[in-house]
Amino acid sequence: MFRAELHVHSTYSDGLDGVEKIVMRAVELGLSCISITDHDTVQGSLAAMDFVRDEHLSITVIPGVEVTTRDGHLLVFFVEDEIDRGMSLVETVEEVRRKGGLCAVSHPFQVERKGVFRPNLFRYVDAVEVFNAKYITGFFNRLARMYAERYGKAMIAGSDAHSSKEVGYGVTYFPENLRKDILGRRTEAGGKRIPISRRVSYLLGKLQ
């Protein structure tokens with residue numbers, strides 16, 4: 001099985017580290033692919049793609065972005081154009097599909113992190129982030145998995161990393177081709193919680 005990190009933020013939004021450091025950490029961990037999903041911009045992903053190409057690194061960068069919709073955050077993959085923020089989730093999904101991309105609900109039910117909390121909206125997306133590495137009890141991860149199963153959606157994981165040290169805690173496993181495996185619901189989600197110490201380290205780094 002291949003391993004993907006599908007939820008990472010860089011200095012192009014509210015992350016602590018640049019895309020070069022993030023990509024090199026993913027390479028160090030032996031990940032197959034990574035998506036830089038900065039808030040409302042694809043520029044981090046595009047920069048990471050350029051870096052991997054220029055350095056001839058053995059990792060695939062999936063273009064991505066975490067879009068702020070009126071209904072909550074939505075991870076978007078395989079799109080290199082900017083997606084307008086502020087539309088409804090359904091409108092955003094339609095725009096992404098026109099551009100040939102895929103969508104996943106990120107950290108659902110976590111209202112304080114702008115997660116989608118209306119499970120009936122899951123029917124419109126391609127996947128659900130059923131494991132987010134920034135959890136306290138894991139209850140919302142379990143709830144997300146339950147509704148992903150109910151609506152027959154692919155399951156993905158994400159670290160929601162905001163620094164290179166947090167990369168790799170939430171991993172999506174896929175057998176062959178990420179796009180096809182998401183559409184074919186052949187992905188598996190796994191990982192472990194990001195330690196509190198690393199989250200504190202990120203917050204201290206932002207204060208410097």
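What span should the 13 residues of helix α2 (residues 43-55) have at 1.5 Å a residue, and how far apart are the end C-alpha atoms of the helix? In this predicted model, the expected span is 18 Å, and the end C-alpha atoms of α2 are likewise 18 Å apart, so expectation and model agree. Within α2, the buried residues are G44, S45, A47, A48, F51 and V52. These residues cover an arc of only 160° around the axis, which places them on the same side of α2. Such a pattern can be read from helix geometry, because an α-helix has 3.6 residues a turn and residues three or four places apart therefore point the same way. The packing partners of the buried residues of α2 are α1 (19-28), β2 (33-36), β3 (60-61) and β4 (64-69). Just after α2, a positive phi of about 55° is found at H56.

A search of the whole structure for aromatic pairs returns 6 of them. One of these is the pair formed by F122 and Y147, which is edge-to-face, with 6.3 Å from centre to centre and 80° between the planes. Because F122 lies in the loop between β6 (102-105) and β7 (127-132), whereas Y147 belongs to helix α4 (residues 139-151), the pair ties together parts that are 25 residues apart in sequence. Both F122 and Y147 are buried, and together with F109 they form one aromatic cluster. A contact between a charge and a ring involves R179, which lies over the face of F78 at 4.4 Å from the ring centre.

How values were computed. Residues numbered from 1 in each chain as written. Predicted model: local features only at pLDDT ≥ 70, side-chain atom pairs only at ≥ 80, totals over all residues. Heavy atoms only, no water. Helix = DSSP H or I, 4+ residues; strand = E, 2+ residues; numbered from the N terminus. Expected span 1.5 Å × (residues − 1). Buried < 20%, exposed > 50% of the residue type's maximum accessible area, 1.4 Å probe, protein only. Arc of directions from axis to C-beta. Contact = heavy atoms within 4.5 Å. Phe/Tyr/Trp six-rings, centres within 6.5 Å; stacked < 30°, edge-to-face > 60°. Lys NZ or Arg CZ within 6 Å of the ring centre and 35° of its normal.
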